[in-house]
Structure formats: structure tokens, C-alpha cells
Amino acid sequence: MHYQEARKRSNVKRILGVAIAAPALVSTVISFLKMVYFRLDDGTQFGSALARPFKQAVSWIYEQTQFLSFFWDHSPVPDQFNLSEIQNLYALIIYSGIFVGAALYASGRKMAARLAIIDEKIEDQLIEESVKGANGRSRQEIEQSTAIPSNSVFAQAHQLYLAPIIVGVIVAAFVGLLGI
């Protein structure tokens, strides 16, 4: 991969990362809020009294975020008591989108940082070429001759595999403490 192609790929990875992670994050947060609202009350008088402030908070958040109505209408409501529900699978897929998007963005950012270093070296090379006189290479020729190795998004094991598990355990502990 050449310099210009690497620059384009870096920009595409960062844009795709944000385009995947941001909606997935919003949908995951709304799914959690909907789960708190619909699944917290167990039907007993004590459970209803305990759930009332949480339901009021979620209701207030819903009223303040009407511009996110698409997410409020289409985000799945996970069921923590029945893990075989299809809504749980949808929520898990959306949740994993956060980490895939973050990995894409990080890969693009890492490539951009590497390209910034290479750009400085190209500038240094241009100065050396200008000392040679008329037969020196141009910036475009140097960029075309620069080979940049491509890196895979899936090589980032921490962001794609370890981080979702750690965050999931923390959220499960939080949900367990709330008694949901």
C-alpha cells in the first residue's frame, strides 16, 4: 500500500469507526434504560416502590431525548431473566458494534499517526533531494515509492475481545446490585 492509499484508508477507517460505534453506543444505552424501565418492577408492592424512582428517571430521560426517537422505538429490550430471548441476541450484536467501531477508529488513528511520522521523513527526503539538484525526486515520486504495511483491525485483541467481556462483567455486577 502506498502513502496516498494509506491516507485514504486511515480516513475511511476513522469515519467508519465513528459511524458504527456512535449509534451502537446510543442504542446500547437506550436498551439498558428500557430494560430498567420495563424489567425492574417485579409486581410486588416493595418492588414497585423500589422501581418508581428509576422509572421516573428513565421517563425524564425519554422526554428530554425525543430527537433520539428512532433509537427509542427500535432498540431491543434485553431480558436478564430469560437469556434465550431473541432481544438479548440483538442487544449483544449492537453492544459488540461499539467495540468493532472503536477498533476501526483506533486502527485508523494509529495509521494516521504512523503516516504523520512518515510525512516528516518524506519532508526530510525532499530536502536531501533538493540538495542533489535537478535530478532529485519529487514529493509524489517519493510517496509512490513508499510502501506502508497494512494492519488488520482484528489484530487489536484488547479492544475486540477483552474489553467487551470486562465491560459486560461490570454492567452485570451493576445490574445485580440494583436487583434487576
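Reader: What makes α1 and α4 roughly antiparallel to each other?

Author: In this predicted model, the axes of helix α1 (residues 3-39) and helix α4 cross at roughly 155 degrees. Angles over 145 degrees count as roughly antiparallel, and α1 and α4 are therefore given that description. Their axes come within 7 Å, and the crossing is left-handed.

Reader: Why is α1 called oblique to α2?

Author: The axes of α1 and helix α2 (residues 45-64) cross at roughly 140 degrees and come within 9 Å. Roughly antiparallel requires an angle over 145 degrees, and the range from 65 to 115 is roughly perpendicular. The angle of α1 and α2 fits neither class, so α1 is oblique to α2. The crossing of α1 and α2 is left-handed. On the α1 side the contact is made by L33, V36 and Y37, and on the α2 side by F54, K55, V58 and I61.

Reader: How do you know that K55 lies over the face of Y37?

Author: K55 is placed at 5.3 Å from the ring centre of Y37. The distance limit for a charge over a ring is 6 Å, with a further condition of 35 degrees from the ring normal. K55 is accordingly listed as lying over the face of Y37. Both residues also belong to the contact of α1 and α2, Y37 on α1 and K55 on α2.

Reader: How many aromatic pairs does the structure hold, and why is the pair of F70 and F71 edge-to-face?

Author: The structure holds 4 aromatic pairs. In one of them, the ring centres of F70 and F71 are 5.7 Å apart, and their planes stand at 80 degrees. Centres within 6.5 Å make a pair, and planes over 60 degrees apart make it edge-to-face, so F70 and F71 meet both conditions. F70 itself is exposed, because its relative accessible area is 51% and the limit for that class is over 50%.

Reader: What makes Y95 and F99 an aromatic pair that is edge-to-face?

Author: The rings of Y95 and F99 are 5.2 Å apart centre to centre, with 75 degrees between the planes. The first value satisfies the limit of 6.5 Å and the second is over 60 degrees.

Reader: Why are Y95 and F99 separated by about one helical turn, and are they buried or exposed?

Author: Y95 and F99 are 4 residues apart in helix α4 (residues 86-132), so about one helical turn separates them. With the limit for buried at under 20%, Y95 counts as buried at 16%, and F99 counts as buried at 11%.

Reader: What makes G101 count as buried?

Author: G101, which lies in helix α4, has a relative accessibility of 0% and therefore counts as buried. Leaving aside neighbours within four places in sequence, G101 is in contact with G17, I20 and A21. The C-alpha atoms of G101 and V18 are separated by 6.2 Å, although the two residues are 83 apart along the chain.

Reader: Is S31 buried or exposed?

Author: S31, found in helix α1, counts as buried because its relative accessibility is 4%. Beyond its neighbours within four places in sequence, S31 is in contact with S75, P76 and P78.

Reader: Why is P23 called partly exposed?

Author: P23 has its place in helix α1. Its relative accessible area is 33%, and values between 20% and 50% fall in the intermediate class, so P23 is partly exposed. Outside the four places on either side in sequence, P23 is in contact with V18 and F71. The C-alpha atoms of P23 and I94, which are 71 residues apart along the chain, are separated by 8.8 Å.

Reader: What makes L92 exposed?

Author: L92 lies in helix α4. Its relative accessible area is 52%, and the class begins over 50%, so L92 is exposed. The C-alpha atoms of L92 and G168 are separated by 9.9 Å, with these positions 76 residues apart along the chain numbering.

Reader: How many helices and strands are there in the protein, and what share of its residues is buried?

Author: There are 6 helices and 0 strands, and the elements run α-α-α-α-α-α from the N terminus on. Buried residues make up 32% of the 180 residues. Among contacts with a separation of 6 or more, 74% involve residues 24 or more positions apart.

Key:
Residues are numbered from 1 along each chain as its sequence is written. This is a predicted model: local features need pLDDT of at least 70, side-chain atom pairs count only at pLDDT 80 or more; totals for chains, interfaces and linings use all residues. Side-chain values use heavy atoms; hydrogens and water are left out. Rings of Phe, Tyr and Trp (its six-membered ring) pair if their centres lie within 6.5 Å; planes under 30 degrees apart count as stacked, over 60 as edge-to-face and the rest as tilted. Buried means under 20% relative accessible area, exposed over 50%, partly exposed in between (1.4 Å probe, protein chains only). Helices (H or I, at least four residues) and strands (E, at least two) are DSSP runs, numbered from the N terminus. Contact means heavy atoms within 4.5 Å. Axes are lines fitted to C-alpha atoms, for helices over the stretch in contact, and angles run from 0 to 180 degrees between N-to-C directions. Angles under 35 degrees count as roughly parallel, over 145 as roughly antiparallel, 65 to 115 as roughly perpendicular and the rest as oblique. A crossing is left-handed if the near helix is turned anticlockwise from the far one by less than a right angle, and right-handed if clockwise.
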